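Here is a short set of exercises to work through with the model open beside you. Try each task before you read its solution.

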Amino acid sequence: MPPKSGLAALAVTVLLLTGTACSGSSNDARDSSTLSSSVRTPMLSDPPPLDPDTFYQPEGLLIMTSTYQGLLHYAPGSTTVEGLLATKWTISPDGLTYTFALRPGVKFADGTPFDSTAAKTSFQRRIDMASGPSYMLAELKDMQTPDPLTFVVTLKKPVAPFLDYLASPYGPLMTSPTAVAQHTTGGDRATAWLATHSAGTGPYELTEALPANHYTLSANKNYWGPAPQITTVTLPVMTATAVQRLQLEQGQLDMILHGLSKGDYEAVAASANTEVLQQNALVKTLVMVNPDSRVFGSLPARQALSAGLDQTALTTQVFGQQGSPSTQFYPTGMLPDGAVPDKHQHDPSKLATLGNKGGEVAIGYPTGDSSLQDLANQVQVTLQQAGFTATVRDFPSAQFFALNEHPEQRPDLLLASFNPDAAHPDTWSRIYQYTNAPVNLQGCSVPAADALLDEGSAEPDHAKSQALYVEAAKAYRDSLCWVNLADLHNSVATRKGYSSWQSQPAWMWDTDFSTLKFQG
């Protein structure tokens, strides 16, 4: 899912600034018992409605992953699928039927028992809501509940990433059928109520939701797992990262999960009371090339571009410790290391030869991303040094993600930092590279790669399927419509004293609050 940004009320920032001025600057503003049982971490913008079957953005994802759970998830810090509300599963040889053994003794936050009927109802609600993430169940043919702890799903055709769909933070989440029935109004399937409430099996439940102000998570008294030490998570909406960093330094915030600049992270890391943690993430920063560009429309021109962009220097200059130069076509962990290498040999002379012919180049980036703005400026300098006339402009989020509908607005080069919906290569290429894919924003088409991707998705044998995905990735890579620069980490700025951090690479801007310990 591509990162998107939103806007929150300016009044929130004013109130937060006022609070900062009045509350002092001591890092010991709260006593140790409060520090060990609560966390305050901001969101940069107000999240969209929190209905588990329509929510489809990174901002606010930590609310969903704290309050809801799926049948599967990824092992902490890994892309390995493991059981969550399902303890084990089997797959028929034809790749069509999945039989899940469900975890016994699980209850929803409202006390409703979780069983196979609740799983079936949750899957059906996802299908019926027909929102963005419903595509993960598009090939579902049948569901059976032979007993309360057995759930059987049959597909119309093999879907290689199906288990990854179920492990995805955007995948089918288990929702209390009791809560949905009680809060349905006018046939809305409780979507209005779920916009500001939760009804899951996770370690927390949403107990306060004041849009554009703050959200509060409280420990779920009916949680089936170990009771968390952190019993309250407060999420103020704070649009100004400068205010966030100031409040972290003054002890009014406990951690910042994303959004700071390279300089901010360096300052936090240098402080005696704070630190920066780097967690694995499936986030790639890249340049998307307009295939209709007068300058870079041909493959030889794109080859000169990729040779002229110094991955190591650009990554270091823009991201510092928050990124690593890209070496593989997909984000790290989606395919075996080295399966599709993608490290460019830096040779500025090739770009200079192309630049000697002259030409104007427009560079675009999404509004509000300071790192990508910095990267755009660095790319502009590189192109100007090669002889081009390069200009930089930002694209507001709505315009950025609508470039498919307005190809005349496409720049020659478009910068972005993207993550997939899950840790499977299909959920990268089918979103960003497949012909007419929803976020193939520059409109490049590689039909041979598309065919390999489709063949890989329909192949039930894992080894054969993966081999097809490797060949598809090579074909997309060799087109040089997508020039990878860096792999980014989830960078957490936090007060010192926390331990037992856990995160899943496919989940952006998130951490597992239920495993955190504060030892002061």
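**Exercise 1. Find how many residues lie between S6 and S7 in their hairpin, then place both strands in their sheet.**

Step 1. Strands S6 and S7 make a hairpin, with two residues between them. Helices (H or I, at least four residues) and strands (E, at least two) are DSSP runs, numbered from the N terminus. This is a predicted model, in which local features need pLDDT of at least 70 and side-chain atom pairs count only at pLDDT 80 or more, while totals for chains, interfaces and linings use all residues. Residues are numbered from 1 along each chain as its sequence is written, and side-chain values use heavy atoms, with hydrogens and water left out.

Step 2. Look at the pairing: S6 and strand S7 (residues 150–155) run antiparallel and are joined by five bridges. Two strands count as paired if DSSP finds at least two bridges between them. To locate one bridge, go to Gln144, whose partner in S7 is Val152.

Step 3. Now widen the view to an open sheet of four strands, ordered S4-S5-S7-S6, with antiparallel pairing. Its edges are strand S4 (86–91) and strand S6 (140–147), each of which pairs on one side only. From one strand to the next, the twist averages 20 degrees.

Step 4. Add the helix: H4 (residues 116–129) packs on this sheet and touches strand S5 (97–102), S6 and S7. Contact here means heavy atoms within 4.5 Å. The direction of H4 makes about 165 degrees with that of S6. For such values, axes are lines fitted to C-alpha atoms, for helices over the stretch in contact, and angles run from 0 to 180 degrees between N-to-C directions.

**Exercise 2. Work out the strand order and pairing of the open sheet that contains S1.**

Step 1. The order is S1-S10-S9-S8, four strands in an open sheet with mixed pairing. Strand S1 (38–40) and strand S8 (204–210) are the edge strands, each pairing on one side only. The twist averages 15 degrees from one strand to the next.

Step 2. Take the parallel pair: three bridges join S1 to strand S10 (residues 232–236). Ser38 has Thr232 as its bridge partner in S10.

Step 3. Take an antiparallel pair: S8 and strand S9 (residues 214–219) are joined by six bridges. Leu210 is bridged to His214 in S9. The hairpin of S8 and S9 has three residues between the strands, and Ala212 there takes a positive phi near 70 degrees.

**Exercise 3. Decide how H16 and H17 lie against each other: roughly parallel or roughly antiparallel?**

Step 1. Their axes are 8 Å apart, and the packing angle is about 165 degrees.

Step 2. Apply the cut-offs: under 35 degrees is roughly parallel, over 145 roughly antiparallel, 65 to 115 roughly perpendicular and the rest oblique. H16 and H17 are therefore roughly antiparallel.

Step 3. Find the contact: residues of H16 including Leu452, Leu453 and Gly456 meet residues of H17 including Leu468, Ala472 and Tyr476. The contact residues of H16 with H17 divide into eight nonpolar, three polar and three charged. In this count Ala, Val, Leu, Ile, Met, Phe, Trp, Tyr, Cys and Pro are nonpolar, Asp, Glu, Lys and Arg charged, and the others, Gly among them, polar.

**Exercise 4. Classify the packing of H11 on H13 from its angle.**

Step 1. Helix H11 (residues 311–319) and helix H13 (residues 370–385) have axes 9 Å apart and pack at about 140 degrees. That makes H11 oblique to H13.

Step 2. On the H11 side, Leu314, Gln317, Val318 and Phe319 take part, meeting Ser371, Asp374, Leu375 and Gln378 of H13. These divide into four nonpolar, three polar and one charged.

**Exercise 5. Which cysteines form a disulfide, and which parts does the pair tie together?**

Step 1. The rule (a pair of cysteine sulfur atoms within 2.5 Å) gives a count of one disulfide.

Step 2. The pair is Cys444 and Cys481, with sulfur atoms 1.8 Å apart. Cys444 lies in the loop between helix H15 (426–432) and helix H16 (447–457), and Cys481 in the loop between helix H17 (462–479) and strand S17 (482–495), so the pair ties together parts 37 residues apart in sequence.
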